[in-house]
Amino acid sequence: MSSTAPTVVTTTDDPAVAPPRGDGAPGRREGRVAVGLERRAVLRALAVAVVILVAGLFVPDLITSSYYMGVAADGVVLGIMAAGIGFLAHRSGLISLGHTAFYGGSAYGVAIFTTHWGWSPTTAAVVAVIGGTLLAVAIGSLVIRITGFGFLMLTLAFGQALYALSTLTSLRDVTGAFDGISVVFSGESQKVAGLTQAQLGAPDTFWPLAWVCLVLVVLGLWLVGRSRFGVTLEAIRENEERARFSGYNTYLPRLGAFAISGFCASIAGVLFALKASYVSPDVLGFQLAGDSLVATIVGGFTILIGPVVGALLYIYAQGRFGDTGNLELYMGLALIVVVIFLPGGVVGFVTDRVVRLRARLWRGRKGAGS
Amino acid sequence: MGLRESLEEREMSVRAKVSAALLALLVSGGLAACGSDNDSASGSASGSGSSSAKSDAKPLKIGLIPPTSGALAVFGTDEMKGWQVAADQANAQGGVDGHKVELIKASTDGQPASTIRAARKLATQQGAKFIGAIMTSPEAAALAKQLPALGALNFNSTGKDDGLIGADCSPDAFRSVTGSAMDVNAIAASMSKLPAKTWAIQAVDYSTGHSAAAAFKAAAEKAGKKIVLTQYAPLNTSDFGSYISKLKSAKADGLFAVEYGADGVAFVNQGAQFKLFDQYKTVLGFNMVSEPLFKTLGKKVTGFYNNVGYDVDADNALNQTFVADYKKANGTDPYYVPADTYMAAQILFAAVKKAGSVDPQKVKAAMKDLSVPDLSGQNITIGPDGQAMRPSHVGQVVAKAGGPGGLGFKIVSTTPASVTHPSVSPDCKM
Amino acid sequence: MNFAQVLNGLALGALLMILSSGLALIYGLRGVMNFSHGALYMLGAYLAYEATSSGLSFWLALILAPLGLAVVGAMLELGFFRNLQQRSHIETGLVTFGIALVLNRLIIIVWGDDTHPVSAPKAIDGTTSVFGTAYPTYRLLIIGAAAVMAVALVLWLRNSRVGLHIRAASHDTETSGILGINVDRVSLIVVCLGAALAGLAGVLAAPYFSVSPGMGQSILITVLIVVVVGGIGSVGGAMIAALLLGLVQIMGNVWLPSVAVLVPYALLIAVLLWRPTGIAGKRV
């Protein structure tokens, strides 16, 4: 797509003139990439992950309000999808409006498998995640060659095509069309991870499952990002032609990144279906696609945690402002401000400040003489 | 990259990761702080009672979630009016058995997810365990799954889908409006009076539209009529052009149209522009032609038949007081939406009186064998599936001096619930 | 085949044509996909609603609303597009997405959440007999207006000096600048014109579709598809694609309703994967 897009004056692909940007990679922080999976770094990360995991399990005890517990749980689920979208955007420079296809697709998968086909919910969940990831591979194989705006439109088209499929009157018996599907657990073992449907519906008891999934997903994305695979992705993002000339296959790594981000969205979709016990076409709709992308960007995807924070902020705002309807207004304003002034999003901005502050203190302590 | 720089780089990224993780925990900690603050606030509010024995009673908090956007927003406003008249009447007498009625409103855009969020907020944060004014059947069905966890009861006054008392039935949900099958059964009784032989069906593409179409098809075929075309248009369709063109080429002589709210207005207006209705001997609307639309639709709808959920001229004390109070508060006569909503309120109030408490579980138990005076003049009961056993009418639009748009309904037939809903659906397993 | 159905398809295609021409112009020159185009269209429709409900003539709204939208377009160009020239197209596109959200909400704050029908002027609110079928007169007006606009726009782009500048700048901004064309001024004209066209489409759509809070979002995806299928920045291509899509969608509804709704997406995917330059390629 980059070869056929009209060239505008200032941004060029010539590395001698400006730092290579790839075909539209907003929010990319300047600076070098932290790489390498040395044992020390990995062990440290694992330790941090374990601490965070265990600490998070106490959140239901901290948050006494059932309402805010629900907000946190919803935020975590959306955060898993946003983390996937952010991973793709950061590592590959590809902005997607179609991850609802995997989120909604696996949510519908769970609903159909267990309600209509009578599978046990655990089987349904596992198969739905695998199905969602395979769907990501299938769609990715077609769209991953295109970058930039073409990629955005393609993912949007696939996502909305799936939405249209879900509302077809002719498929009403399978998908419920506009009415959606009321999820009824069937099969012999009607528990998922030891939780009954009622327990999955209550935020307090649902939380551990969601939290564990979130930590594992973020840890996994971190490991992938720092591996050679992740570095290859960054190289391709920077300059696809150069990477290809250097002997790297540029198609497969990108496809892999797309599949991984689709995998994250599928997990989120399955969690949603288990929690809400009701799946309707809006899990595939344009509004969710746009909202999850905005949450990812406002949170900032240069740091893995950014999109998760963005998702939490979004869900909180949804509860706060959803009633007045001004959610859209604030979202739009936040998006404009972040894209123009805060590349790296809110989290990127905050951590930038923190890091600079610490660097200044550190340098100050070193005193004169270096 | 030198060694020092790469070390620095690594420090930076780990630090960044840690600060980001801290941020995430801070956010949830912030939520926790908000959470406990809010909880204690609502706790103290309900704790402060007053001295006198009667007003010691807890208020009857009702959470209302009407749609505020989309084709059905106009019905949402009118649902609120119905609840308000009922609440004002009750509070003028010191409350329901001394429990002051408190209406708390939250809005939704009609998507089940938004409605459930609002219901959760109302039930957990504001202690409103009785939910009402939820418009569509899919929202009601989705909410039904959450009611046990919320400890709440839903009072449905507009969702007519038969699934709500069938496969999606819930012991925590009660319905004051008559269902699709009930109304179509009432229409079936008058089918012989309606002159058309071949019918086309135009219905809205979600549960209620489908159940109405299915029920009508069964009744029509039983009466020896033929269905030549059935088509569905999504809710919030604004351009009915291609549907109308198809109807014209189907050449039926009767039309059964199930389009609600703004969709109904668009359909009738555009149909008139295409001269669609000229070809029909009978146009039978289902929840389509109603008083608030008379002004917008005007003379185009004279002669249309429609199911009539409420007879504004019913000659009994309860109805006359209701009409008078409604007119005083809103300036117009009520029609079926506020009337059905008013009845939902009456059912709730009667159950609270019988239970002697505002505890949802006790109110739920009181529904059994509950007898409530109905706007039609008789007393009605609540079926084991939560359905209020109210009569259904069929009416025709005629010129009526003083009515909205100069039009009104002439009731053609009335059928009691014992005929329209003789038994509970076998799909309802509670 | 029902002739009325063909006319329905033409009417929808006509509306899409007006809307997509504006978007294609902006995309061709600035390289930015203006995601707020749907909101601009919605604003035009609500302005028409405001005009007719305050008693102004519909014909007056038909002139005033596009002018108002041109002003909004100027604000977009001067406030955002000009300052974001250094950024990538996607970033600017995201900013327009944010603008769409804000504008959508502002419109609802001013005019409320309800769906409002808008009546066409009495003179054309009736029915005309076309080849034996009764057809709403107003829809014929839409087809007529779009045809006039299309011819006028294409002639203007082909034959006028400003049109020449626009075509040159869309083709290669850098060289045009070197050759002495004031690209900034041309941009301003193009964005104002694009927004005005969106407003015009909105006014025409108000009696056709009714004004509702979701109208901007629902038409946005269709018009994006039209512009991409038509060819990057090609106005002629967008027009052809608009008519094609309108006809296909409506006629598909008649023959194969299940498949019809998927056709626009299938078309977009096919174009982007196999002929990314669209129907018209790079010709404006």
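Domain bounds here come from an automatic or database domain assignment. On that basis, chain B of this predicted model splits into domain 1 (56–178 + 314–390) and domain 2 (182–308).

**Inside chain B**

The C-alpha centres of domain 1 and domain 2 of chain B sit 28 Å apart. Where the two meet, 15 residues of domain 1 of chain B touch 15 residues of domain 2 of chain B. On the domain 1 side, helix 2 (73–92) and helix 4 (137–150) of chain B each chip in at least two residues.

**Where chain C meets chain A**

This contact draws 39 residues from chain C and 41 residues from chain A. On the chain C side, the elements giving two or more residues are helix 4 (89–111), helix 7 (173–178), helix 9 (215–230) and helix 12 (263–274) of chain C. Helix 4 of chain C gives the most, with 14 residues.

Here's the make-up of the two contact sides by residue class:

| Contact side | Nonpolar | Polar | Charged |
|---|---|---|---|
| Domain 1 of chain B, touching domain 2 of chain B | 7 residues | 5 residues | 3 residues |
| Chain C, touching chain A | 21 residues | 15 residues | 3 residues |

**A look at chain A**

As for the partner of chain C in that contact, chain A has 16 helices and 2 strands. Of the 370 residues in chain A, 57% are buried. How much of the contact set in chain A with a separation of 6 or more comes from residues 24 or more positions apart? Such pairs account for 78% of those contacts in chain A.

Note on methods:
Residues are numbered from 1 along each chain as its sequence is written. Chains are lettered from A and ligands numbered from 1 in the order in which they are written. This is a predicted model: local features need pLDDT of at least 70, side-chain atom pairs count only at pLDDT 80 or more; totals for chains, interfaces and linings use all residues. Two residues are in contact if their C-beta atoms, placed from the backbone, lie within 7 Å. Helices (H or I, at least four residues) and strands (E, at least two) are DSSP runs, numbered from the N terminus. Ala, Val, Leu, Ile, Met, Phe, Trp, Tyr, Cys and Pro count as nonpolar, Asp, Glu, Lys and Arg as charged, and the others, Gly among them, as polar. A residue is buried if 20 or more other C-beta atoms lie within 10 Å of its own, exposed if 12 or fewer, and partly exposed in between; C-beta atoms are placed from the backbone.
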